[in-house]
Amino acid sequence: QVTLVESGGGSVEAGGSLRVSCSYSGVIYNSYRMAWFRQAPGKEREGVAALNSGGVINYADSVKGRFTISKNNAKNTLDLQMNSLKPEDTAMYYCAVLTRRDWALVASLQSREYNHWGQGTQVTVSS
């Protein structure tokens, strides 16, 4: 079982920056994928950024060049640095993990390919 707890959300003006963090605990096998998703009111959950145990990183086109995902092994956190924020980035941000003992996992941005989720942290960007 993996437990995920997000933190660091808040309110910022357009053009500003925020860093959200996801503290994870439990069993993480050698093969894993970890990601950040977001969901705005009335919209479907969308993948923002993902990484896997092989070092591959994927970003949604809407955040490329502005967001950076990273994993801090010393602190057991998955972080998302968000720069040049836009009002359309306003959403609840969730971290997600899938880990397996045996086969390699791609850095997917599809929510159906994750089975552990945090409760979310709100990010609000004002114009």
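This is a short talk about one strand, β9, and the salt bridges around its partner strand β4.

Hi everyone, thanks for coming. Please keep in mind throughout that we are looking at a predicted model.

Let's start with β9, which covers residues 91-100. How many of its residues are buried? The count is 8 of 10, so "mostly covered" is a fair description, given that buried here means under 20% relative accessible area.

Now for the neighbours. Strand β4, residues 31-39, runs antiparallel to β9, and 9 bridges join the two. If you want a place to find that pairing on screen, look for Phe37, whose bridge partner in β9 is Tyr94.

β9 also pairs with β11, residues 121-126, again in the antiparallel sense, over 3 bridges. There, Ala91 has Val123 as its bridge partner. Then comes β10, residues 116-117, which pairs antiparallel with β9 over 2 bridges. To find that one, go to Ala96 and look across to Trp117 in β10.

On to the charged side chains. The whole structure has 6 salt bridges, and I'd like to walk you through some of them.

One of them joins Glu113 and Arg33, with the closest N and O atoms 3.7 Å apart. Why is this pair worth a look? Glu113 sits in the loop between β9 and β10, while Arg33 belongs to strand β4, so the contact ties together parts that are 80 residues apart in sequence. The two ends have their own surroundings: Glu113 is partly exposed, at 27% relative accessibility, and Arg33 is buried, at 7%.

Next, please find Arg38. Which residues share a salt-bridge network with Arg38? They are Glu46, Arg66 and Asp89.

Let's take Arg38's contacts in turn. With Glu46, the closest N and O atoms are 2.6 Å apart. Glu46 is partly exposed at 33% relative accessibility, whereas Arg38 is buried at 5%.

Arg38 also meets the side chain of Asp89 in a salt bridge, at 2.9 Å from N to O. Asp89 lies in the loop between β8, residues 77-82, and β9, and Arg38 is in strand β4, so this pair ties together parts 51 residues apart in sequence. Here both Asp89 and Arg38 are buried.

So, what should you take back to your desk? Strand β9 pairs with β4, with β11 and with β10. Strand β4 supplies Arg33 for the bridge to Glu113 and Arg38 for the bridge to Asp89.

Thanks for listening, and I'm happy to go back to any of these on the screen.

Notes: Residues numbered from 1 in each chain as written. Predicted model: local features only at pLDDT ≥ 70, side-chain atom pairs only at ≥ 80, totals over all residues. Heavy atoms only, no water. Buried < 20%, exposed > 50% of the residue type's maximum accessible area, 1.4 Å probe, protein only. Helix = DSSP H or I, 4+ residues; strand = E, 2+ residues; numbered from the N terminus. Pairing = 2+ DSSP bridges. Salt bridge = Lys/Arg side-chain N within 4 Å of Asp/Glu carboxyl O.
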